[in-house]
Amino acid sequence: MSNIDFGKIITAGDKTELEETLRHQQAATQAKAYLAKTDWYLIRQTETGKPVPDAVKKQRAAARKLLSASRD
């Protein structure tokens with residue numbers, strides 16, 4: 001008798017899809033972490049008027065775009 005559960009075999013296409021999903025989930029986790037890590041810039045801007053650096057604004061926009069795409 002074989003110990004292989006043929007109901008759990010995945011195809012190469014399934015594997016590729018699972019890997020892509022995992023990569024996207026990891027990117028989303030990193031994007032959320034970046035947003036959380038840089039929230040203080042927005043609080044500082046609100047409280048003191050000191051602007052958020054352009055590089056941070058661009059990266060936050062990219063993070064939000066990635067996260068909004070993952071909800072579609």
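**Exercise 1. Is Arg-60 buried or exposed?**

Before we start, a word on the model: it is predicted, so local features need pLDDT of at least 70 and side-chain atom pairs count only at pLDDT 80 or more, while totals for chains, interfaces and linings use all residues. Residues are numbered from 1 along each chain as its sequence is written, and side-chain values use heavy atoms, with hydrogens and water left out.

Step 1: get the cut-offs. Buried means under 20% relative accessible area, exposed means over 50%, and partly exposed is in between (1.4 Å probe, protein chains only).

Step 2: apply them. Arg-60 has 8% relative accessibility, so this residue counts as buried.

Step 3: find its place. Arg-60 sits in helix α2, which covers residues 54–71. Helices here are DSSP runs (H or I, at least four residues), strands are runs of E with at least two, and the numbering goes from the N terminus.

Step 4: look at who surrounds it. A contact means heavy atoms within 4.5 Å. Leaving out residues up to four places away in sequence, Arg-60 touches Tyr-34, Leu-35, Thr-38, Asp-39 and Leu-42.

**Exercise 2. Take Tyr-34 and work out where it lies and what it touches.**

Step 1: Tyr-34 belongs to helix α1, residues 12–48.

Step 2: skip its neighbours within four places in sequence, and Tyr-34 is in contact with Val-56, Gln-59 and Arg-60. Arg-60, you'll remember, is in helix α2.

Step 3: try a distance. Tyr-34 and Lys-8 are 26 residues apart in sequence, and their C-alpha atoms are 36 Å apart in space.

**Exercise 3. Set two more C-alpha distances side by side, then visit the loop.**

Step 1: Ile-43 lies in helix α1. Its C-alpha atom is 21 Å from that of Leu-67, 24 residues apart along the chain.

Step 2: Arg-64 is in helix α2. Arg-64 and Lys-32 are 32 residues apart along the chain, with 8.3 Å between their C-alpha atoms.

Step 3: check exposure. Ile-43, at 47%, is partly exposed, and Arg-64, at 44%, is partly exposed too.

Step 4: now the loop between α1 and α2, where you'll find Pro-51. Pro-51 touches Arg-44 and Gln-45, not counting residues up to four places away in sequence. From Pro-51 to Tyr-41, 10 residues away along the chain, the C-alpha distance is 7.9 Å.

**Exercise 4. Find the aromatic pair and classify it.**

Step 1: the structure holds one such pair. The rings of Trp-40 and Tyr-41 have centres 4.0 Å apart and planes at 25°, so they are stacked.

Step 2: check that against the rule. Rings of Phe, Tyr and Trp (its six-membered ring) pair if their centres lie within 6.5 Å; planes under 30 degrees apart are stacked, over 60 edge-to-face, and the rest tilted.

Step 3: compare the partners. Trp-40 is partly exposed at 43%, whereas Tyr-41 is buried at 17%.

**Exercise 5. Describe the protein as a whole.**

Step 1: count the elements. There are two helices and zero strands.

Step 2: look at the dimensions. The C-alpha trace spans about 70 × 20 × 20 Å along its principal axes. The radius of gyration is 20 Å, but a compact globule of 72 residues would be near 11 Å. That radius is taken over C-alpha atoms, and the globule rule is 2.2 Å times the number of residues to the power 0.38.

Step 3: finish with burial. Buried residues make up 17% of the 72 residues.
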